[in-house]
Amino acid sequence: KIVAINNPFSKPDININTLKKENIILFVGRLNIMQKRIDLLLEIWLKLNKKLSDWQFWVVGDGPERLFMENFCKDNDMINVKFFGKRKPDEFYKRAKILHFTSAYEGFGNVLVEAQSYGCVPILFNSYSSAEDIVTHNENGILITPFDIDEFVDKTLELISNPLKLEEMKFNAFNSIDKFSYDKTYKKWEILLDNITYDREVH
């Protein structure tokens, strides 16, 4: 028997209504190809960069592929991409409207929950089981067929072209993370431990 229980999460003490969101698409994470698939992220941003001249693409994180990413952007005249290195991401979540998350696999995906807690709407590949535990498609984020970069681009453009939908999803994202609170997570552990104790007593 296997049971999956999420990491507990403490919601930031903010007023989601007062956040001044900007035309920013954000990536947060370690810059590598095998897990985070930053190679696909770059291909997605290359396509979007040509169509979203009034948007910025921000990278928060560091890793072995940072130089590769910077050179790719330079070679393709992607002047709207900015690299910030390894930084505490909270201030970036506050400003960004959309999070791009291109991982091939994750354990839980804390970045997704962190982004949602600041009303930053995640778009991600549905390539691991916890993706659907965190994101409800078209409600508090968008799930993309792995690893369809054209769909990723199209869904991003579709969301940006519908500001009312994006605003709705911002609030849905913020509210959806309540299910990962410490109280609710501890309750899951209590239920699990009670069931284990009951099974032992029965047998």
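This tour moves from the whole chain of a predicted model to one residue in a helix and then to its aromatic rings.

Begin with the entire chain in cartoon view, where the secondary structure amounts to eight helices and six strands, and follow the elements from the N terminus, which run in the order β-α-β-α-β-α-β-α-β-α-β-α-α-α. If you colour by accessibility, 47% of the 203 residues count as buried, while the surface that the chain exposes comes to about 10,900 Å², with carbon and sulfur atoms supplying 49% of that area. Of the contacts between residues at least 6 apart in sequence, 70% join residues at least 24 apart.

Next select helix α7, residues 163–176, and within that helix pick out L166. Is L166 buried or exposed? Its relative accessibility is 10%, and because the limit for burial is under 20%, L166 counts as buried. Display its neighbours as sticks: leaving aside residues up to four places away in sequence, L166 touches K97, I98, V121 and L159. For one of these, V121, the C-alpha atom is separated from that of L166 by 7.7 Å, although the two residues stand 45 residues apart along the chain.

Now turn to the aromatic side chains, among which a search of the whole structure finds eight pairs. Select W58, F84 and F92 together, since ring pairs link these three into a cluster.

Finally, show two places where a charge meets a ring. The charged end of K11 sits over the ring of F174, 3.8 Å from the ring centre, and the charged end of R37 sits over the ring of F147, with 5.8 Å to the centre of that ring.

Terms used. Residues numbered from 1 in each chain as written. Predicted model: local features only at pLDDT ≥ 70, side-chain atom pairs only at ≥ 80, totals over all residues. Heavy atoms only, no water. Phe/Tyr/Trp six-rings, centres within 6.5 Å; stacked < 30°, edge-to-face > 60°. Lys NZ or Arg CZ within 6 Å of the ring centre and 35° of its normal. Helix = DSSP H or I, 4+ residues; strand = E, 2+ residues; numbered from the N terminus. Buried < 20%, exposed > 50% of the residue type's maximum accessible area, 1.4 Å probe, protein only. Contact = heavy atoms within 4.5 Å. Areas by Shrake-Rupley, 256 points an atom, 1.4 Å probe, with all protein chains shown as cover.
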